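Work through these exercises with the structure open. Each task is followed by a stepwise solution.

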Amino acid sequence: MNKEQVKGRVVELKGKAKEAVGVLVDDKSLQVEGNVQKNLGKLEAGFGDLKQELKNKL
C-alpha cells in the first residue's frame, strides 16, 4: 500500500463517522460535510490504487 491509499481510506473513515454523527444529532450540514469528506477519501484511495496498479505493471 502506498501513502495515498492509506491516507484516502483514513479520510474516508473520518467522513463516514462525521456523516453518522450528523445523522444521530440531526445536523444536515455535518452530514453533508461528512459525505464530502468520505467521497474525497474514496477519490484519494482510488488514485492510490491506480498508482499502485501502474507500479505493479511496470
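**Exercise 1. Neighbours of Gln31**

Find which residues Gln31 touches, leaving out residues up to four places away in sequence. Then state whether Gln31 is buried or exposed.

Solution.
- Step 1. Keep in mind that this is a predicted model.
- Step 2. Place the residue: Gln31 sits in helix H2.
- Step 3. List the contacts. With residues up to four places away set aside, Gln31 touches Glu19, Gly22 and Val23.
- Step 4. Look for a polar pair. A polar atom of the Gln31 side chain lies 3.3 Å from the backbone oxygen of Gly22.
- Step 5. Check accessibility. The relative accessible area of Gln31 is 18%. The cut-off for buried is under 20%, so Gln31 is buried.

**Exercise 2. The two sides of H1**

Determine which residues of H1 are buried, and which exposed residues lie on the face turned away from them.

Solution.
- Step 1. Set the limits. H1 covers residues 3-24, 22 residues in total.
- Step 2. Check the span. From first C-alpha to last, H1 reaches 32 Å, close to the 32 Å expected at 1.5 Å a residue.
- Step 3. Pick out the buried positions: Glu4, Gln5, Gly8, Val11, Glu12, Gly15 and Gly22.
- Step 4. Look down the axis of H1. The buried residues fall within an arc of 135°, so they line one face of the helix.
- Step 5. Find their partner. The buried residues of H1 pack against helix H2, residues 28-57.
- Step 6. Turn to the face away from the buried side. Exposed residues there are Lys3, Leu13, Lys14 and Leu24.
- Step 7. Add a residue that is neither buried nor exposed. Val6 lies in H1 and is partly exposed, at 41% relative accessible area.

**Exercise 3. The ends of H1**

Identify which residue caps the N-terminal end of H1, and which residue just after H1 takes a positive phi.

Solution.
- Step 1. Start at the N-terminal end. Asn2 is the cap.
- Step 2. Give the contact. A side-chain oxygen of Asn2 lies 3.2 Å from the backbone nitrogen of Glu4.
- Step 3. Move to the other end. Just after H1, Asp26 has a positive phi of about 55°.

**Exercise 4. Salt bridges**

State how many salt bridges the structure holds. Then work out where the partners of Lys51 and Glu4 lie, and treat two further pairs in the same way.

Solution.
- Step 1. Recall the principle. Side chains of opposite charge can pair when their charged atoms come close.
- Step 2. Count. The structure holds six salt bridges.
- Step 3. Take one of them. Lys51 and Glu4 meet through their side chains at 3.3 Å, N to O. Lys51 is in H2 and Glu4 in H1, so this pair ties together parts 47 residues apart in sequence.
- Step 4. Compare exposure. Lys51 is partly exposed, with a relative accessible area of 40%. Glu4 counts as buried, at 13%.
- Step 5. Take another. The side chains of Asp49 and Arg9 form a salt bridge at 3.2 Å, N to O. Asp49 belongs to H2 and Arg9 to H1, so the pair ties together parts 40 residues apart in sequence.
- Step 6. Check exposure again. Asp49 is partly exposed at 28%. Arg9 is partly exposed at 33%.
- Step 7. Now stay within H1. Lys16 and Glu12 make a salt bridge at 3.8 Å, N to O. The two are four residues apart in this helix, about one helical turn.
- Step 8. Finish with their accessibility. Lys16 is partly exposed at 40%, whereas Glu12 is buried at 14%.

**Exercise 5. The whole chain**

Decide whether the protein is a compact globule or more spread out.

Solution.
- Step 1. Count the elements: two helices and zero strands.
- Step 2. Compare radii. The radius of gyration is 14 Å, well over the 10 Å that the globule rule gives for 58 residues, so the protein is more spread out than a compact globule.
- Step 3. Check the box. Along the principal axes, the C-alpha atoms fill roughly 50 × 15 × 10 Å.
- Step 4. Add burial. Of the 58 residues, 26% count as buried.
- Step 5. Consider contacts between residues at least 6 apart in sequence. Of these, 57% join residues at least 24 apart.
- Step 6. Take one pair for scale. Val6 and Asn35 are 29 residues apart in sequence and 19 Å apart in space, C-alpha to C-alpha.

Conventions:
Residues are numbered from 1 along each chain as its sequence is written. This is a predicted model: local features need pLDDT of at least 70, side-chain atom pairs count only at pLDDT 80 or more; totals for chains, interfaces and linings use all residues. Side-chain values use heavy atoms; hydrogens and water are left out. The expected span of a helix is 1.5 Å times one less than its number of residues. Buried means under 20% relative accessible area, exposed over 50%, partly exposed in between (1.4 Å probe, protein chains only). The arc is that of the directions from the helix axis to the C-beta atoms. Contact means heavy atoms within 4.5 Å. A polar contact is a pair of N or O atoms within 3.5 Å; within protein, one must be able to donate a hydrogen and the other to accept it, and residues adjacent in sequence count only if both atoms are side-chain atoms. A salt bridge is a side-chain nitrogen of Lys or Arg within 4 Å of a carboxyl oxygen of Asp or Glu. The radius of gyration is taken over C-alpha atoms; the globule rule is 2.2 Å times the number of residues to the power 0.38.
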